[in-house]
Amino acid sequence: MSPDEQEALLESWMNAYQDTILRLCVLYLNDMALAEDAFQDTFLKAWRSMRRFQARDGSSVKTWLTRIAINTCKDYKRSAWLRHVDTTRAPEDLPPALQPVTQEQRELFLDVLALPEKYRQVTLLYYYQDMTLEETAQTLGTSRQAVARRLKKACELLRYQPEGSDEA
């Protein structure tokens with residue numbers, strides 16, 4: 001593949017998946033500036049690995065890019081600098097496409113972000129990124145059944161109401 005063909009392919013991927021990848025990075029990092037950096041790093045890594053991806057049969061570009069984005073965000077979260085910075089953001093600080101509309105949706109969104117990572121990942125990919133069970137499983141490198149179990153457990157955790165809460 002020539003450099004011009006690679007550039008055209010990368011550009012087509014960016015046009016097709018830029019909103020999805022940026023939204024995912026914002027959800028993982030809770031910071032728009034860091035998310036934009038992670039977004040750029042994601043496509044830079046995709047550019048570097050393009051030939052290896054092209055050699056794989058049956059892989060989805062969407063799930064491949066999503067996996068790169070997730071790993072990039074995890075790397076950012078592990079960085080020494082980020083561990084000492086408060087990156088929590090109120091939902092109002094998120095881009096308009098990510099802002100919850102009602103108070104109930106806002107609370108649900110915050111509850112999702114508070115889930116343990118393995119449940120948060122499947123919930124964000126399946127419900128907020130509109131991936132199928134198969135795409136979510138492929139992205140996370142796990143089975144469809146594991147994704148279904150994690151989604152079920154996440155829903156159970158989200159329905160949990162601590163004693164003394166207003167709702168019965």
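A salt bridge, as I use the term today, is a side-chain nitrogen of Lys or Arg within 4 Å of a carboxyl oxygen of Asp or Glu. The model you see is a predicted one. I will go through its salt bridges, then turn to one helix, α8.

Side chains of opposite charge can pair when their charged atoms come close. In the whole structure, a search finds five salt bridges. I will take three pairs in turn.

Start with Glu-134 and Arg-144. Their closest N and O atoms are 2.5 Å apart, and the two form a salt bridge. Glu-134 is in helix α8, while Arg-144 is in helix α9, residues 144-159, so the bridge ties together parts that are ten residues apart in sequence. Glu-134 is partly exposed, at 44% relative accessibility, and Arg-144 is partly exposed as well, with 41%.

The next residue in α8 to mention is Glu-135. Its partner in a salt bridge is Lys-62, with 3.8 Å between the closest N and O atoms. This pair links distant parts of the chain, 73 residues apart: Lys-62 belongs to helix α4 and Glu-135 to helix α8, which covers residues 133-140. Is Lys-62 buried or exposed? Lys-62 has a relative accessible area of 16%, and because the cut-off for buried is under 20%, Lys-62 counts as buried. Glu-135, with 21%, is partly exposed.

The third pair is Asp-75 with Lys-45, whose side chains meet in a salt bridge at 3.7 Å, N to O. Here, too, distant parts of the chain are linked: Asp-75 sits in helix α4, residues 61-78, and Lys-45 in helix α2, residues 32-48, with the two positions 30 residues apart in sequence. Both count as partly exposed, Asp-75 with a relative accessible area of 36% and Lys-45 with 31%. This pair is also part of a network of salt bridges, in which Lys-45, Asp-75 and Arg-78 are linked.

Now back to α8. Which residues of α8 are buried? They are Leu-133, Thr-136, Ala-137, Thr-139 and Leu-140. Viewed down the axis of α8, these buried residues fall within an arc of 165 degrees, so they line one face of the helix. As general background, an α-helix has 3.6 residues a turn, so residues three or four places apart point the same way.

What do the buried residues of α8 pack against? They pack against α4, α7 (117-128) and α9. After α8 comes Gly-141, which has a positive phi, near 65 degrees.

To recap α8: Glu-134 pairs with Arg-144, Glu-135 pairs with Lys-62, and the buried residues of the helix line one face.

Notes
Residues numbered from 1 in each chain as written. Predicted model: local features only at pLDDT ≥ 70, side-chain atom pairs only at ≥ 80, totals over all residues. Heavy atoms only, no water. Helix = DSSP H or I, 4+ residues; strand = E, 2+ residues; numbered from the N terminus. Buried < 20%, exposed > 50% of the residue type's maximum accessible area, 1.4 Å probe, protein only. Arc of directions from axis to C-beta. Contact = heavy atoms within 4.5 Å.
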